[in-house]
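Here's a walk through the fold, strand by strand and then into the gaps. Keep the viewer open while you read.

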Amino acid sequence: MDVDVPGTVLKRERARDAVLELIESRSPGDAIPSERALCALLGVSRPTVRSAIDELVAAGLLVREHGRGMFVAPAKITQELVSADLTLTVPRAAGTWSSRLLEFTTHQAGARVGRKLRMSPAEDILYVARLRLVDGAPMAIEHLHIRAALAPGLSAQELENGDLYEHLRDTHGVHVHEAVQAIEPTVVTRAEARFLDVPELSPALLFERLTSDTAGRPVEYVHSLYRGDRYRIVSRLTLGPAAAAAAAVVPADGDGHHPGIPPGDFAHGDAITSSTRGDIQSGD
């Protein structure tokens, strides 16, 4: 499959979302339709369906059993790193970050993304796929889903060169306030490996984030894949009274990059709080 053909990234993304919708509507151990049945159901090619399924198998959401089919994987164990009453400011990751757009289009939200953004599946979202680079080297692939009504007139050039949250605030009066983000290990598919310049099945970190404004309205749903050989998360755990003092410290340096969050986003006084830090590992 040629990942450079226009629309390929979006087709694979929508196939992935459709299969995720099937997974989320079933219980662990339940079967899902065969690849052939999914091709007919989704109206896409076999390689597109297989690529989406490979990604979900690698992510631990589906299990293939030879001669039997595909089944919903057992539920994952979730461990929260931050207590409900304590947050720590996220230091910035190193390096000079830039972006290269892979896709930029508008389409209907669909069931899964619509549910996450609390909007009708028939409403439009702005879908953006972009390659994130550090000092010119590919580091991550980001898939952004933004309420189209919140950013009318947003151009591909603005998104590639500017700050999305600054645009929403200054142009449309939308103030981003909070983000809930999950991180888990995975491996890259063949198509992702080509973009990231790593071998297929290389380790990676999967970030999934839902961003809301000051009114609690979901603004943006993002899932991103970061290279595991160059990126890591470090937790800072503090016990006792010193934790309160640590939570009040905000880094003075306004440059850099939050893990999973594009540079500049949540800037201009909107602090990000968590107990994780993103570090870029220097290459060998």
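## The small sheet

Start with E65, whose bridge partner in strand 3 is G69. That pair belongs to the antiparallel match between strand 2 (residues 62-65) and strand 3, which runs over four bridges. The two strands make a hairpin with three residues between them. In its turn you'll find G67, with a positive phi of about 85 degrees. Keep in mind that all of this comes from a predicted model.

Strand 3 (residues 69-72) also pairs with strand 1 (residues 31-32), again antiparallel, this time over two bridges. Here I32 stands opposite M70. Put together, that's an open sheet of three strands in the order 1-3-2, with antiparallel pairing. Strand 1 and strand 2 sit at the edges with a single partner strand each, so each has one side without a neighbour in the sheet.

## The six-stranded sheet

Now for the other sheet. It's open too, with six strands in the order 4-5-6-9-8-7 and antiparallel pairing. Which strands stand at the edges? They are strand 4 (97-108) and strand 7 (176-187); each has a single partner strand, so one side of each is left without a neighbour in the sheet. On average, neighbouring strands of this sheet are turned by 15 degrees against each other, ignoring direction.

At one end of that order, strand 4 pairs with strand 5 (residues 124-134) in the antiparallel sense over 11 bridges. If you want a pair to look at, the bridge partner of W97 is V134 in strand 5. Helix 6 (residues 164-172) packs on the sheet, where it touches strand 6 (137-147), strand 7, strand 8 (203-213) and strand 9 (218-227). The direction of helix 6 makes about 165 degrees with that of strand 9.

## Empty space inside

Rolling a probe the size of a water molecule over the atoms shows where empty space is left. Searching the whole structure turns up two cavities of 30 Å³ or more, and the largest cavity holds about 90 Å³ of space.

What lines the largest cavity? The residues are V9, R12, E13, R16, E55, L102, I141, H143, E192 and F195. Helix 1 (8-24), strand 6 and helix 7 (190-196) each supply at least two of the lining residues, and helix 1 gives the largest share, with four. By type, the lining of the largest cavity divides into four nonpolar residues, one polar and five charged.

## How far to trust it

The protein averages a pLDDT of 81, and 75% of the residues score at least 70. Where pLDDT is low, the predicted coordinates should not be read in detail.

Which stretches call for that caution? One is residues 247-256, where pLDDT stays under 50 and the model has 14 contacts beyond four places in sequence. Another is residues 264-277, with pLDDT below 50 as well. For residues 264-277 the model has 51 contacts beyond near neighbours in sequence.

Key
Residues numbered from 1 in each chain as written. Predicted model: local features only at pLDDT ≥ 70, side-chain atom pairs only at ≥ 80, totals over all residues. Heavy atoms only, no water. Pairing = 2+ DSSP bridges. Axes fitted to C-alpha atoms, helices over the stretch in contact; angles between N-to-C directions. Contact = heavy atoms within 4.5 Å. pLDDT = per-residue confidence, 0-100. 1 Å grid on protein atoms, 1.4 Å probe; cavity = no way out; pocket = protein on both sides within 12 Å on 5 of 7 lines; lining within 4 Å. Points joined across faces, edges and corners; volume = space filled by probe spheres on them. Nonpolar A, V, L, I, M, F, W, Y, C, P; charged D, E, K, R; others polar.
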